[in-house]
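Me: I'd like a close look at one part of this model, the metal site. Which protein atoms hold the magnesium ion (ligand 2), and where in the chain do they sit?

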Amino acid sequence: MPNPSVSDQQLTGRVITRFGAELILETAQGETIRATTRRKLEHIACGDYVAWQTESQGNASVIDILPRQNVLLRPDMRGKPRAVAANIDVLLVVSSWRPAPNWEMLDRYLIAARHLPTDVIIIMNKADLRAAYSSAEQEAALAEYEQVGYPVYPVQAKTGQGLSALRQAIKGKTAIFAGQSGVGKSSLVSALVPELDLKIGAIADTGEGRHTTTVASLYHLPEGGALIDSPGVRDFPLLPLSVLDLQAGYPEFQAFMGMCRFNNCTHHHEPGCAIKAAIASHDLPPQRYQRYLTLLAGQNNN
Ligand SMILES: Nc1nc2c(ncn2[C@@H]2O[C@H](COP(=O)(O)OP(=O)(O)OP(=O)(O)O)[C@@H](O)[C@H]2O)c(=O)[nH]1
Ligand SMILES: [Mg+2]
Ligand SMILES: [Zn+2]
């Protein structure tokens, strides 16, 4: 019998999770297998579609990453971009009432989503803590997102409240939970994926009786589609981007395009700025604009 060529033996699969050089793949046939990756595929991530083959020793080896729809990056400790997950249809940015919401970070996720590109849903978990921990200012901050057109889902992982709407919104898609540590991302995954294979998700004890997710893992939704749990972040700094790219992350600015006196207006100090006028007349929400100015100052320092 002739030896089949390497390409005849190539198979496809999707990365479920990754621990360093070791991967768990789901094959096109739906089997879950362990595989290794070559050093040159260092940036391989959860959600990647890959080509793999069985080596002569019988172990599975990933040969290539198939073209990506998009990839969610985040800077590592040295500021180098690292892949968190790939091929995402919906970014679910999770906040909670305790730990308190970090609106600046939420804005940065929304800007990143605009450029991935991917759809985005703002999730406010721990609805049970809202009355105790929210404030008029927090409520105003949250209301601004709805005002500018973002979908906002108040949910409670503990009771399942609000989850059927979320389930409907992500059905058949690849969705990823992202956000601060402790907001309830893994709890939401458990609530949405009933027969969760807990062997896959890697968690570590924080030493305070809390479990924190250490690597991104992909789970299948019963109604079709996939859900990725990702490790919580302390911050989500933006990679360097131009003023235009920053502004593109503010859908509320779009209606005022071309209305500023200067066509390269940064909406900061320029005379005849339509955005500043809209803020003054309360036609645009003020808190998002103030945070835009902070981000603008930060990007200019790059
Ligand atoms: N009160 C309340 N607590 C919740 C709710 N959902 C989750 N929690 C609690 O919040 C804590 C953190 O939940 P996790 O699901 O581990 O949070 P996480 O976002 O996955 O955290 P990392 O993996 O560190 O990023 C746990 O003690 C949960 O029991 C909720 O709806 N209400
Ligand atoms: Mg978690
Ligand atoms: Zn302007």
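Reply: Here's the metal site, followed by the chain around it and a few backbone oddities.

Keep in mind that this is a predicted model, where local features need pLDDT of at least 70, side-chain atom pairs count only at pLDDT 80 or more, and totals for chains, interfaces and linings use all residues. Residues are numbered from 1 along each chain as its sequence is written, chains are lettered from A and ligands numbered from 1 in the order in which they are written, and side-chain values use heavy atoms, with hydrogens and water left out.

The protein donors of the magnesium ion (ligand 2) are OG of Ser186 and OG1 of Thr213, lying 2.0 to 2.1 Å from the ion. Donors here are N, O and S atoms within 2.8 Å of the metal (3.2 Å for Na, K and Ca), and water is not among the atoms, so sites may look incomplete. The pair links distant parts of the chain: Ser186 belongs to helix H6 (residues 185-192) and Thr213 to strand S13 (residues 211-213), 27 residues apart. Helices (H or I, at least four residues) and strands (E, at least two) are DSSP runs, numbered from the N terminus.

How covered are the two? Ser186 is partly exposed at 27% relative accessibility, whereas Thr213 is buried at 13%. Buried means under 20% relative accessible area, exposed over 50%, and partly exposed in between (1.4 Å probe, protein chains only).

Now the chain around the site. It has 9 helices and 15 strands. Its radius of gyration, taken over C-alpha atoms, is 21 Å, close to the 19 Å that the globule rule gives for 302 residues, so the chain is as compact as a globular protein of that length; that rule is 2.2 Å times the number of residues to the power 0.38. Of the 302 residues, 48% count as buried.

Then the backbone. The peptide bond from Arg98 to Pro99 is cis, with omega near 0°, and Pro99 falls in the loop between strand S8 (90-96) and helix H2 (103-115). Another cis bond runs from Leu116 to Pro117, omega near -10°, with Pro117 in the loop between H2 and strand S9 (119-125).

Asn87 has a positive phi, near 60°, despite not being glycine; this residue sits in the loop between strand S7 (81-86) and S8 and is buried at 4%. His267, also not a glycine, has a positive phi of about 60°, lies in the loop between helix H7 (243-248) and helix H8 (274-280), and is buried at 8%.
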